[in-house]
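Got the viewer open? Let's take a walk through this one, selecting a piece at a time.

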Amino acid sequence: MNAVPRELSYSQAIQEAMALAMEADERVILMGEDIGVYGGAFQVTGDLIERFGPDRVMDTPISELGGAGVAVGAAVTGLRPIFEFQFSDFAALAMEQIVNQAAKMRYMLGGAVSVPVVMRFPAGSGTGAAAQHSQSIEAWLGHVPGLKVIQPATPYDVKGMLLAAVADPDPVMIFEHKLLYKMKGPVPEGYYTVPLNKAEVRREGGDVTIVATSIMVHKALEAAEKLAEEGISVEVVDLRSIRPIDRETVIASVKKTSRLICVYEGVKTLGIGAEISAMIAESEAFDYLDAPIVRLGGSETPIPYNPELEKAAVPQMPDILAAARDLVRGVR
């Protein structure tokens, strides 16, 4: 492994991971709508069709159900497909293949087969793409036994977690926030993996824990910087995987700080924050709490087209600042 420091964008890191996986294993193929000559809806696959040819970088018809079904079938026959949805919202069209086939096949066939398929979902708001192209639906799939569901927040993680996902014998759903595609960060050259079941403490702190996912990790870190100037010490935990959840890291952080805020872009009700809150309530960390748990999630509405309303529909940095101040000062 060459560990020369360099920076790549989030989308470049994904493309590099896919190229490495394809170079290392001829069973790895790419599938999706417009991922060939066009390079993908967000140009993530780029020129991979020129490097690996149309037999391994395949445009699929405009049918998410059909494409996902072919990917699942290919995985069962021994290939390792990476299937790209143009927008995560379109997973609704392919739920039969994801939920009833990919997730259950190993169980229903007594372990005789595995389904090593990776599905990539560009997700989230902030691009003005409105209600049918801006959702955060990771909690939908996180509810399904048999699936792994991950949300890398950095270029380093997305490369390593995607490579780990390709090597995994079971279906892995990877949610990529669209606003992260241009974000740059250090990414080592060569092959490496990041575990699919481990959270990461991005910042140490002692007054309050913020458990965040995807782009909210960066908003939480920005808020933590400002709160530090006010004497409030924030620990930021990047959840990275919502199924499975790294219980040990989250519980240890809450026992350390005695306060918890969950920040995520998906709709607040029945979302990731509810699962984290219940997990703490059922654990030994509950006795350490000095204040009620706070959930900052998306509004109870479809994502609006209007830019200001769109911004107001998901948690922003001032919301995190206010929640942390109230918790530490005992207002809540």
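Start by selecting F286. You'll find this residue in the loop that links α10 (272-281) to β14 (294-298). Keep in mind as you look around that this is a predicted model. Is F286 buried, exposed or partly exposed? Its relative accessibility is 45%, so F286 counts as partly exposed. Show its contacts next: setting aside neighbours within four places in sequence, F286 touches I280 and A281. For a sense of scale, add I35 to the selection and draw a C-alpha to C-alpha distance: F286 and I35 are 47 Å apart in space, with a sequence separation of 251 residues.

Now step back to the elements around that loop. Select β13 (260-267), α10 and β14 together, and you have a right-handed β-α-β unit. The two strands of this unit, β13 and β14, run parallel and are joined by four bridges. Want to see individual pairs? Pick I261, which sits opposite V294 in β14, then C262, which faces R295 of β14.

Keep C262 selected and look for its partner on β10 (208-212): V211 has C262 as its bridge partner in β13. β10 and β13 also pair in the parallel sense, again over four bridges. With all this around it, how much of β13 is buried? Seven of its eight residues are, so to speak, under cover: the strand is mostly buried.

Time to colour the whole sheet. What order do its strands come in? This is an open sheet of five strands, running β9-β11-β10-β13-β14, and the pairing is mixed. Look at the two ends: β9 and β14 are the edge strands, and because each has a single partner strand, one side of each is left without a neighbour in the sheet. Turn the view to follow the twist, which averages 25 degrees from one strand to the next. While you're there, bring α10 back: this helix packs on the sheet, where it touches β13 and β14, and its direction makes about 150 degrees with that of β13.

Next stop, helix α8, residues 215-229. From first C-alpha to last, its 15 residues reach 23 Å, close to the 21 Å expected at 1.5 Å a residue. Show side chains and pick out the buried ones: I215, M216, V217, K219, A220, A223, A224 and L227. What covers them? The cover includes β7, β9 (200-203), β10, β11 (234-238), β13 and α12 (317-329). After α8 comes G231, worth a click for its positive phi, near 85 degrees.

Last, the nonpolar cores. The largest has 48 residues, and I98, M119 and L141 are the members that touch the most others. Elements giving two or more residues to this core include β2 (28-32), α3 (64-76), α4 (95-102) and β5 (118-123), along with β13 and α10 from earlier in the tour. Zoom in on M119: beyond its neighbours within four places in sequence, M119 is in contact with A68, V72, F83, F85, I98, V172, M173 and I174. Apart from this core lies another one, of 37 residues; to find it, select I14, M18, Y192 and L196, which are among its members.

Methods:
Residues are numbered from 1 along each chain as its sequence is written. This is a predicted model: local features need pLDDT of at least 70, side-chain atom pairs count only at pLDDT 80 or more; totals for chains, interfaces and linings use all residues. Side-chain values use heavy atoms; hydrogens and water are left out. Buried means under 20% relative accessible area, exposed over 50%, partly exposed in between (1.4 Å probe, protein chains only). Contact means heavy atoms within 4.5 Å. A nonpolar core is a set of buried Ala, Val, Leu, Ile, Met, Phe, Trp, Tyr and Cys residues joined through side-chain atoms within 4.5 Å. Two strands pair if DSSP finds at least two bridges between them. A crossover is right-handed if, with the strands pointing away from the viewer, the path from the first strand over the helix to the second runs clockwise. The expected span of a helix is 1.5 Å times one less than its number of residues. Axes are lines fitted to C-alpha atoms, for helices over the stretch in contact, and angles run from 0 to 180 degrees between N-to-C directions.
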